[in-house]
Each structure stands twice: as structure tokens, then as C-alpha cells.
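Please look at how protein and DNA meet here. The report below takes the DNA strands in turn.

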There are 2 protein chains.
Amino acid sequence: MTASALPVVCAALGDATRWEILTRLGEGPMSASALARALPVSRQAIGKHLEVLREVGLVESERRGREVVHLAVGARLGALARELDRIGRDWETRLLRIKELAERPGPDPAT
Amino acid sequence: MTASALPVVCAALGDATRWEILTRLGEGPMSASALARALPVSRQAIGKHLEVLREVGLVESERRGREVVHLAVGARLGALARELDRIGRDWETRLLRIKELAERPGPDPAT
DNA sequence: CTCTACTGCAACCAATGGGTTGCAGTAGCC
DNA sequence: GGCTACTGCAACCCATTGGTTGCAGTAGAG
């Protein structure tokens with residue numbers, strides 16, 4: 001996962017309806033029509049959300065007979081989680097270093 | 001981190017400008033005016049972004065003399081990362097179970 | 001073959017949100 | 001005390017987006 005993709009995939013996860021869709025798809029493959037029956041939005045709205053999720057790799061779609069079934073991709077979410085964890089750790093370590101420097105009497109890093 | 005907060009905090013992370021701000025704040029505390037000087041947006045826009053980030057716990061603010069300095073909170077990001085990782089694993093395990101059931105000749109789960 | 005049902009595309013609408021300018025308040029620096 | 005600079009609030013603008021309805025295409029079921 002490249003760093004520039006972080007805002008995009010986070011934006012895809014930044015919508016409650018899409019989380020509803022992902023939760024359903026996490027339990028098993030479903031078609032867009034089936035999702036539309038389960039959720040209080042139209043099938044076309046579901047379709048747009050699915051396109052967003054597919055573009056960032058959070059769902060995959062497969063034609064099965066007459067309908068197209070979609071499923072949530074856990075690997076992609078895991079990759080995002082690892083990246084966020086790494087960044088969070090960086091913030092904490094840098095903040096600790098700053099606090100150490102502030103409290104230490106000798107403020108020269110070269111020492 | 002409650003599950004209902006996931007879309008909100010992800011939405012906060014779903015903007016490129018906010019990631020710019022977070023990156024700067026991850027290197028050390030800064031004031032809104034300093035951020036506005038470093039980024040190609042106005043101070044008021046920075047202020048709105050900081051409010052969003054503060055509401056979801058990704059930055060903390062502290063009055064230091066005449067100015068207010070902000071810093072990125074790594075712990076919050078780590079909590080989000082753990083939650084996303086957990087959900088991603090759930091998806092993968094359930095999908096594996098479904099595939100197993102589909103390939104196994106005896107489709108009765110009670111057996 | 002026909003009928004049903006799921007998909008895909010397009011146009012349109014309203015709300016949200018990222019951005020701006022302007023102004024008032026307030027707290028250090030000299 | 002006066003000047004400077006940073007903060008906070010409000011109003012406004014426009015692009016994006018989540019949502020809708022409608023229609024055309026297409027592929028299984030009977």
C-alpha cells in the first residue's frame with residue numbers, strides 16, 4: 001500500500017452505508033440486488049458504493065450466473081491496518097524523543 | 001474504540017490535506033498559523049481540519065503562551081489499526097470457512 | 001420462446017464539506 | 001501602553017457526493 005493511497009482508502013471507509021455493505025459482505029458473498037433488499041437504499045446507490053470499494057481493493061466482484069456477487073477482501077484491510085499502526089508508532093516515538101530533549105539539561109543533539 | 005466510531009474516524013483520515021497536517025504534527029507540535037504558512041491553504045481551513053481531527057482524538061491541542069500548539073496522537077491511530085486488523089481477519093476466516101463448506105461433499109453443518 | 005429478474009448507464013437533486021474572506025478578540029513583545 | 005501576531009467566529013462559494021428515478025440491455029428459469 002503506497003502512502004498516497006491512504007487518504008483514498010480511508011475515504012472509502014469513511015461512510016456508514018459502505019460499512020453496512022462491508023459488514024454484510026464480510027459474512028459471505030452477496031449480489032447488489034440482495035444488498036439493496038437488506039439495506040434502506042436503492043440498488044443504484046449500492047452499485048456506486050460497491051464501485052468505490054472495488055476501486056480501493058476492499059471488495060472483489062465475480063459474475064456468478066445471472067448475477068454478480070461481491071465479497072469483502074480482508075487482506076486489503078489488514079494492509080491498511082499495518083500501515084496505520086506503523087505511522088502511529090512513529091508519532092509516539094518522535095514525541096517521546098522531543099520530550100526527552102526538552103527535559104534533558106544539555107540540548108545539543110551532537111553530544 | 002466503539003464500532004460505530006469507525007466511519008467517523010476513517011472519514012477524518014479520508015482527506016489529503018488532513019494527512020498533510022497530521023504528517024507535520026507527527027514530527028512535532030505546531031500552531032495553526034505555522035501550519036498555514038507551511039501548507040497552501042488558509043489558516044481558517046487549517047483550523048477546521050484541526051477541529052475535525054481533535055473531535056476524533058487524532059490530535060490534541062494545548063495553549064502555550066500566545067499560541068495554541070497541536071500534536072498528532074499515535075495511540076488513537078494504533079487503536080484504529082487494531083480494530084481494522086481484527087475485522088479484516090474476521091472476513092478472511094469466514095471466507096475460508098465458506099470455501100471449505102462449498103468443497104466438502106457433506107454440506108450439513110450439524111455433522 | 002417467453003418471462004422474469006438482475007445488471008449497467010444517465011440524468012438529476014439536495015446536502016455536505018473543503019475553501020475563502022472579513023472582522024473581532026486577546027495575549028505576548030518592546 | 002501600544003504594537004504585533006495569533007486565535008475564534010461568521011458568512012459565503014462552489015465542487016463533490018450520496019441518493020433518487022427511469023430506462024435499456026441481458027441472461028437464466030419454466
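What follows describes the protein surface around each DNA strand and some polar contacts.

This is a predicted model. Start with DNA strand C. Around this strand lie 22 residues, and A:S33, A:R43, B:S42, B:K48 and B:H49 come nearest. Both chains contribute to the surface. Chain A supplies at least two residues from each of α3 (32–38), α4 (43–55) and β3 (67–72). Chain B does so from α2 (16–27) and α4 (43–55). The largest share, 4 residues, comes from α4(B). By class, this surface has 5 nonpolar, 8 polar and 9 charged residues. Of the atoms of DNA strand C within 4 Å of the protein, 54% belong to sugar or phosphate, and the rest to bases.

Now turn to DNA strand D. Here 22 residues surround the strand, and the closest are A:S42, A:K48, A:H49, B:S33 and B:R43. Sugar and phosphate make up 52% of the atoms of DNA strand D that come within 4 Å of the protein. On chain A, α2 (16–27) and α4 each give at least two residues to this surface. On chain B, α3 (32–38), α4 and β3 (67–72) each do so. The largest share, 4 residues, belongs to α4(A). The surface near DNA strand D divides into 5 nonpolar, 8 polar and 9 charged residues.

The table lists polar contacts from side chains to the DNA.

| Side chain | DNA atom | Distance |
|---|---|---|
| A:R37 | phosphate oxygen, DNA strand C | 2.9 Å |
| A:R43 | base oxygen, DNA strand C | 2.6 Å |
| B:Q44 | base oxygen, DNA strand C | 2.8 Å |
| A:R18 | phosphate oxygen, DNA strand D | 3.4 Å |
| A:Q44 | base oxygen, DNA strand D | 2.8 Å |
| A:H49 | phosphate oxygen, DNA strand D | 2.2 Å |

Key: Residues are numbered from 1 along each chain as its sequence is written. Chains are lettered from A and ligands numbered from 1 in the order in which they are written. This is a predicted model: local features need pLDDT of at least 70, side-chain atom pairs count only at pLDDT 80 or more; totals for chains, interfaces and linings use all residues. Side-chain values use heavy atoms; hydrogens and water are left out. A residue is near a molecule or strand if one of its heavy atoms lies within 4 Å of it. A polar contact is a pair of N or O atoms within 3.5 Å; within protein, one must be able to donate a hydrogen and the other to accept it, and residues adjacent in sequence count only if both atoms are side-chain atoms. Ala, Val, Leu, Ile, Met, Phe, Trp, Tyr, Cys and Pro count as nonpolar, Asp, Glu, Lys and Arg as charged, and the others, Gly among them, as polar.
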